[in-house]
Amino acid sequence: MPTSTNKTLYTNETLKQILDTVNELKSTQNKIIASINSCRKSNKTQEKKYVIIESKLDTLSNQLAEVISENKTLKAKIEQIEAKITTLETAAFPGTNVESVYSELMDRQSRACNIIFFNIQEFNSLPDQLTDTLTVDEILKSIDLQINPVSVRRLVLKVKRKLLSTTNFKNIRIASDRTTQQRQYFTKIVSQLKQRLSR
């Protein structure tokens with residue numbers, strides 16, 4: 001039979017173990033509470049950082065939308081300018097390419113040394129070639145140019161209408177010397193004039 005002392009000792013020891021366990025639980029509970037509080041503080045800090053980041057992302061998103069809008073506007077303006085340039089290029093030189101531009105330049109270069117005088121009086125006393133050469137020499141000397149003409153020819157444009165009254169040559173036309181591009185330009189102008197007159 002257990003003695004009362006043994007019972008008391010057993011009870012005291014059990015109580016001590018229970019008390020130690022309770023103290024241990026309290027300590028663990030305090031640690032858990034401290035950890036939870038730390039997590040809460042950390043969570044609040046993270047929430048503040050998240051709000052700041054979200055605000056910055058909103059600002060960047062707005063700025064990006066503005067840049068995209070400006071980019072679309074600039075792209076549209078560039079397309080308009082390119083269209084205007086193309087229109088001007090085709091209007092100024094319809095159907096031209098590099099080869100035709102070079103050809104035009106060469107043709108104009110070959111004509112660059114030609115001089116055409118208008119309204120020179122015709123003389124009947126000497127042969128036309130000699131009279132015209134002397135007249136051109138005199139004109140050039142009067143403006144202090146010491147140039148010897150290679151060739152002097154009288155153009156018959158003044159009497160070109162007389163061909164209309166002839167039977168054999170009434171379909172022949174005489175015009176001044178023009179480059180291909182000049183002829184195309186004048187054809188275009190004549191066509192536009194006819195259209196305007198027909199309205």
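How much area does the chain expose, and what share of it do carbon and sulfur atoms supply? In this predicted model, the chain exposes about 18600 Å², and 58% of that area is supplied by carbon and sulfur atoms.

**Figure 1. Overall view of the predicted chain and its helices.** The chain contains 4 helices and 0 strands. Read from the N terminus, the order of elements is α-α-α-α. Of the 199 residues in the chain, 5% are buried. Contacts between residues at least 6 apart in sequence include a 38% share that joins residues at least 24 apart.

**Figure 2. Close-up of the nonpolar surface patch formed by L15, I18 and V22.** Together, these three side chains present about 260 Å² of accessible area. V22 belongs to helix α1, which covers residues 4–92. The relative accessibility of V22 is 36%, so this residue counts as partly exposed; the class lies between buried, under 20%, and exposed, over 50%.

**Figure 3. Close-up of the aromatic pair Y185 and F186.** The count of aromatic pairs comes to 1. The pair consists of Y185 and F186, whose ring centres lie 5.9 Å apart. An angle of 65° separates the two ring planes, and the arrangement is edge-to-face, since planes over 60 degrees apart are classed in this way. F186 counts as partly exposed because its relative accessibility is 38%.

**Figure 4. Close-up of T133 and R153.** T133 is located in helix α3, which spans residues 128–142. With a relative accessible area of 23%, T133 is partly exposed; the value therefore falls outside the buried class, which requires under 20%. In sequence, T133 and R153 are separated by 20 residues. In space, the C-alpha atoms of T133 and R153 are 8.3 Å apart.

Technical notes:
Residues numbered from 1 in each chain as written. Predicted model: local features only at pLDDT ≥ 70, side-chain atom pairs only at ≥ 80, totals over all residues. Heavy atoms only, no water. Patch = residues over 30% accessible without salt bridge, like charges linked within 9 Å, V, L, I, M, F, W, Y side chains within 5 Å. Areas by Shrake-Rupley, 256 points an atom, 1.4 Å probe, with all protein chains shown as cover. Salt bridge = Lys/Arg side-chain N within 4 Å of Asp/Glu carboxyl O. Helix = DSSP H or I, 4+ residues; strand = E, 2+ residues; numbered from the N terminus. Buried < 20%, exposed > 50% of the residue type's maximum accessible area, 1.4 Å probe, protein only. Phe/Tyr/Trp six-rings, centres within 6.5 Å; stacked < 30°, edge-to-face > 60°. Contact = heavy atoms within 4.5 Å.
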